[in-house]
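Please load the structure in a viewer and keep the selection panel open. The tour proceeds by selections, with a short account of what each one shows.

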Amino acid sequence: QRTMAPAAPRPPTAVGLYLAGVQFAFALCWVIYVIYLPQLAEQSGLDRKAVPWLLMADQLVFVVTDLAVGVASDRAARVLGRIGRVVLLVSLVSMLAFAALPWIAPSAPAGVFIAITALWVVTTSALRAPPLTLLGRYVAKPDLPRLVALTALGLGIANALAPYLGLQLRGLDPRWPFLLSALALAALTLGMVAAERALAASAPAPAAAPPQPAARGPALWFLAACAVGAAAFQWHVAVASGALALRHAGADRLPWVMPVFWVAFNIGLWPASQLTRKLGAPATMALGAELAMVGAAGAALAPGLEWLVAAQLATGAGWALLLCAAFSGALMLGNTGREGAMNGALQSTLALTALARIGLVTTLGAPVAGVSLTWWPAAGFALCALLLQAKHEEPAFFR
């Protein structure tokens, strides 16, 4: 009589929630950094006009280090617990540099401030690619989108809180927000080794013949589609949304209008994980890009605040589908042994689009960019959907 092999235990939801907490604390640190950077740069003797260039340098560092750290995490994953230990060590260095920024800015030379900032930015890459590499390494494909969605929830909540933080922190001594957020993130990373071991314990038994990494052609096509979608997202959220909100509401209402996108993003993560599991990553990404296209076009054409809010809800939900499926797809593309490399490549792609957005706004000027080019995101999401529809049948390894 034939006996069935015991099913692998389901990855613990607690690990996904833990990684969401890590990503929330990390994103919160980044929000605080961006809020206070102009003030700290001025205290260190830099002109405020240098701030966009500092932010572009940050993203350029991420373009390089995210891929490098992703590749390194593949090597580290060969020894159980090593990713967690490396993340813990590097993140502690990162948090020391982050907490030091507001303390050294008033007294240290500008070069020292820039060097400490560079150290903080370089070391934060340990919290970008490696945690998701753990999911790709140890979580079976059917459960992967669920854990990815939980992890992304931390980023969504932090971004939703960003406008309120900007109001609450205004005029507050930056040393305490930097110190408290650094301590919170450092405390959370102490559990990274335990999280890695918990995922390893729930991992399915390895197949007799591990699947081969994806072919280069589909992977490059996938990253190209992600780049177009991410560029549309960057412009819509960071540039167009503020200008569109000011058409229908006063500046005092922006902290209440701007988070609508992220509220929809957070709500959309669960259906995004379910659709990715049922339809596969490319089809879910295409669906998300189409929904975001409709929402971005509706936001650009909205005749009133109510229509704008509805359009932003659609765009945020579309981005949830697109991003959740993209990270799931990248980890599936990596297959066995290259999860970190593909995840790092996707993280680098996202950083590159942020770099391009900051550079374009700096060149054109924020008022011109925000008012004149609000239609760009709809066009970008449409192109992303076309790219995905053209290729989504080819990479069978997405399922």
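Which residues line the second largest cavity? The model is a predicted one, and the selection to make in it is Cys226, Gly229, Ala230, Met285, Trp319, Leu322, Leu323, Ala326, Leu346 and Leu350. Helices H9 (216-248), H13 (305-334) and H14 (339-364) are the elements that each give two or more residues to this lining. The largest contribution comes from H13, with four residues. By character, the lining comprises nine nonpolar residues, one polar residue and no charged residue. The volume enclosed is about 60 Å³, and the search of the whole structure finds two cavities of 30 Å³ or more.

**The whole chain**

Now show the entire chain as a cartoon. The protein chain contains 16 helices and zero strands. Of its 399 residues, 54% are buried. Colouring contacts by sequence separation is also informative: among those between residues at least 6 apart in sequence, 86% join residues at least 24 apart.

**Helix H13**

Select residues 305-334, which form H13. The end C-alpha atoms of this helix are 43 Å apart, which agrees with the 44 Å that its 30 residues should span at 1.5 Å a residue. H13 is largely enclosed by the rest of the structure, because 24 of its 30 residues are buried. Just after H13, select Asn335, which takes a positive phi of about 55°.

Within H13, select Leu313. Is this residue buried or partly exposed? Leu313 has a relative accessible area of 38%, so it counts as partly exposed, the class between the 20% and 50% cut-offs. Leaving aside neighbours within four places in sequence, Leu313 is in contact with Val260 and Ala264. A C-alpha distance drawn from Leu313 to Ala296 gives 9.8 Å, for a separation of 17 residues in sequence.

**Helix H12**

Ala296 leads to the next selection, since it is one of the buried residues of H12, the helix of residues 281-301. H12 has 21 residues and reaches 30 Å from its first C-alpha to its last, close to the 30 Å expected at 1.5 Å a residue. Its buried residues include Ala281, Pro282, Met285, Gly288, Ala289, Ala292, Ala299 and Ala300. Met285 has already appeared on this tour, in the lining of the second largest cavity.

In reading such a list along a helix, one general point helps: an α-helix has 3.6 residues a turn, so residues three or four places apart point the same way.

**Trp235 in helix H9**

Move to H9 and select Trp235. The relative accessible area of Trp235 is 4%, which is under the 20% cut-off, so the residue is buried. Add Leu373 to the selection: the two residues are 138 apart in sequence, yet 8.8 Å apart in space, C-alpha to C-alpha.

**Arg128 and its surroundings**

Next, select Arg128, in the loop between helix H4 (110-124) and helix H5 (130-138). Why does Arg128 count as buried? Its relative accessibility is 14%, and buried means under 20%. Which side chain does the side chain of Arg128 meet in a polar contact? The partner is the side chain of Asp66, at 2.8 Å. Expanding the selection to residues that Arg128 touches, without those up to four places away in sequence, adds Phe26, Phe62, Asp66, Asn343, Gln347 and Ala351.

**Two further loops**

Continue to Pro142, in the loop between H5 and helix H6 (144-168). Pro142 counts as partly exposed, at 42% relative accessibility. Its C-alpha atom is separated by 9.7 Å from that of Ser273, a residue 131 positions apart from it along the chain.

The last stop is Asp173, in the loop between H6 and helix H7 (175-189). At 27% relative accessibility, Asp173 is partly exposed. Display side chains here to see the polar contact between the side chains of Asp173 and Arg175, at 2.7 Å. Finally, add Pro102: its C-alpha atom and that of Asp173 are separated by 8.8 Å, while the residues are 71 apart along the chain.

Conventions: Residues are numbered from 1 along each chain as its sequence is written. This is a predicted model: local features need pLDDT of at least 70, side-chain atom pairs count only at pLDDT 80 or more; totals for chains, interfaces and linings use all residues. Side-chain values use heavy atoms; hydrogens and water are left out. The expected span of a helix is 1.5 Å times one less than its number of residues. Buried means under 20% relative accessible area, exposed over 50%, partly exposed in between (1.4 Å probe, protein chains only). On a 1 Å grid over the protein atoms alone, a cavity is a set of points where a 1.4 Å probe fits but cannot get out, and a pocket is an open set with protein on both sides within 12 Å along at least five of seven lines; lining residues have an atom within 4 Å of a point. Grid points are joined across faces, edges and corners, and a volume is the space filled by probe spheres set on the points. Ala, Val, Leu, Ile, Met, Phe, Trp, Tyr, Cys and Pro count as nonpolar, Asp, Glu, Lys and Arg as charged, and the others, Gly among them, as polar. A polar contact is a pair of N or O atoms within 3.5 Å; within protein, one must be able to donate a hydrogen and the other to accept it, and residues adjacent in sequence count only if both atoms are side-chain atoms. Contact means heavy atoms within 4.5 Å.
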